[in-house]
Amino acid sequence: MTIAMIERTVPVGVDEDQLARFVRTDYSGLVAALGLVCGDRGAAEDAVQEALARALIALRKGTVIESLPAWVRVVALNLLRNRWRSLSRERRATRRATDPVPHDPSDDVEELMDLRAAVARLSRRQREAVALYYRLGLSVRETAQAMRVSDGTVKTLLSRARATLAQVLEPGEDHRA
Amino acid sequence: MPDERFPTDDATDARLRSALLDVAPDVPGSGILPDVERRAHRRRRRVRESIGASAVVLLGGLAVAGYALETGTPLRANGPSVPVRPSPTTPITGSTPQSLSTASGQSFSRAYGSQPPPDAPPCPAHQTTPSTVGGRFCGPSPGPGNGSGPDGVCSGTETVPPCGHGVIPDRYYAYTMPGTCDGLVTFDGRRWVSELPPPSPSPDFDVWIRLGVGGSVRWISPSGAVGLAPYVGQPLSGCRR
């Protein structure tokens, strides 16, 4: 078999309708939910599109993807985690080099009054659980599958996150310290 | 069922869902498929380039090793030099140029997906339209296109689809793909570039071509499937051999 034949014989495996369906029904919500996780909608959009591109390549290689939305969720979440890790390393290095002044936690009390800020103050895993369960509307099981953790872990994360966020949502109460 | 790890609190849950919808509203997803297609194309190209670079490094290393074995030149790699000499009792294999090219050829075969595709469900009986469900081409074999060029290739002067403008999205058209190395084709009155142009001139061949709902273009045939990107003046590949 010549190289030309090898290159022509790319296995047929793409059901492009899967992608079009995903974009119509799942894309918007997933980007919004992952934007909540990372606090940067552009980064979320980038991660989801990159995950879709990888799905496209996998499909064209003949890989069978049983549930494209679930596949893209997991890959996009992993991409965001990797990005978050590298950003954290950069921030730590920058802080060591340029910001020796200790951070005053009281500066953040004002931000906690806002739900977005409260979400941002959750731990990363709590944010992921909140975004997938509350914003994207997944079940506990689906959330656990996307995060690659157990159902019990998701329940614990959600319970703690809800307790924190409920304080912000309480009507008529002043939570300022 | 109530769970002490996540006790039911419907009121808070509903308010949280509603509030988070306000905090993180939906974003429009229309028109992203061409972007996804371009990303996939770039990613495949990067993989191919890295495979090519690895092959060059591997061949170079093995060539040096082969030369050293033939001449008895000591090799040094971050440590004390070790004289390498052929032993009369241990035949040296795998270092001749012929065997090197075979090894590299096999790795290229794997990289370009020449392994048989995974098992796919059988095609439905009496299928009248082409499709690529489950990794298998199904439907009628494509015939030649209606272009005015040789074999039915689009010449760029046609006024009717699929060569000319007016292609209906999501519909397959019989089309003759030219076997030129630049991968440049005319479809729907526009110019497109194949994502996998042939490395050497090859005969024209018949495919089914379709304009996707997202604006992507792709051809399928019993021998494979390849995407096309809009031609916007980007450098075209030439024949590699």
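This is a short walk through a predicted model, starting with helices of chain A and moving on to chain B.

Let us begin with helix α3 of chain A, residues 27–38. This helix has 12 residues, and the distance from its first C-alpha to its last is 16 Å, close to the 16 Å expected at 1.5 Å a residue. If you look at its surroundings, you will find α3(A) mostly covered, with 10 of its 12 residues buried. The buried residues are A:Y27, A:L30, A:V31, A:A32, A:A33, A:L34, A:G35, A:L36, A:V37 and A:C38. After α3(A) comes A:G39, which has a positive phi, near 75°.

Next along the chain is helix α4(A), covering residues 41–60. Its 20 residues should span 28 Å at 1.5 Å a residue, and because its end C-alpha atoms are 28 Å apart, the two values agree. The buried residues of α4(A) include several alanines, among them A:A44, A:A47, A:A51, A:A53 and A:A55. A:V48, A:L52, A:L56 and A:L59 are also buried, and so are A:E45, A:Q49 and A:R60. A glycine with positive phi follows this helix too: A:G62, with phi near 100°.

Further on in chain A, two helices meet. Helix α7 spans residues 124–135 and helix α9 spans residues 151–169. Their axes come within 9 Å and cross at roughly 90°, and α7(A) and α9(A) are therefore roughly perpendicular to each other. On the α7(A) side, the contact is made by A:R125, A:Q126, A:A129, A:V130 and A:Y133. Facing them from α9(A) are A:V154, A:L157, A:L158, A:R160 and A:A161. Sorted by class, this contact has seven nonpolar residues, one polar residue and two charged ones.

A good place to cross over to the other chain is B:A19, in helix α1 of chain B (residues 10–23). Which residues does B:A19 touch, once its neighbours within four places in sequence are left aside? The contacts of B:A19 are with A:L115 and A:L169, both of which carry the chain A letter. B:A19 counts as partly exposed because 18 other C-beta atoms lie within 10 Å, while a buried residue needs 20 or more.

Now for chain B as a whole. Its secondary structure comes to three helices and six strands, and along the sequence these follow the pattern α-α-α-β-β-β-β-β-β. Of the 241 residues in chain B, 24% are buried. Among its contacts between residues at least 6 apart in sequence, 55% join residues at least 24 apart.

Between α3 and β1 of chain B runs a loop that deserves a slower look. B:T132 lies in this loop and is buried, with 26 other C-beta atoms within 10 Å. The C-alpha atom of B:T132 is separated by 7.6 Å from that of B:I220, although these residues are 88 apart along the chain. B:D151 is found in the loop between α3 and β1 as well. Its phi is near 65°, a positive value in a residue other than glycine. With 15 other C-beta atoms within 10 Å, B:D151 is partly exposed. The loop between α3 and β1 also holds B:P162, and the peptide bond from B:P161 to B:P162 is cis, with omega near 10°.

Following that loop we reach strand β1 of chain B, residues 172–177. Is β1(B) mostly covered or mostly open? The strand is mostly covered, with five of its six residues buried. Six bridges join β1(B) to strand β4 (residues 205–211), and the two strands run antiparallel. To place this pairing on your screen, find B:M177 and look for B:F205 in β4(B), which stands opposite.

One last stop is the loop between β2 (184–187) and β3 (190–194) of chain B, where B:D188 lies. B:D188 has phi near 60°, again a positive value in a residue other than glycine. Is B:D188 buried or exposed? B:D188 counts as buried because 20 C-beta neighbours lie inside 10 Å.

Conventions
Residues numbered from 1 in each chain as written. Chains lettered and ligands numbered in written order. Predicted model: local features only at pLDDT ≥ 70, side-chain atom pairs only at ≥ 80, totals over all residues. Axes fitted to C-alpha atoms, helices over the stretch in contact; angles between N-to-C directions. Helix = DSSP H or I, 4+ residues; strand = E, 2+ residues; numbered from the N terminus. Parallel < 35°, antiparallel > 145°, perpendicular 65-115°, else oblique. Contact = placed C-beta atoms within 7 Å. Nonpolar A, V, L, I, M, F, W, Y, C, P; charged D, E, K, R; others polar. Pairing = 2+ DSSP bridges. Expected span 1.5 Å × (residues − 1).
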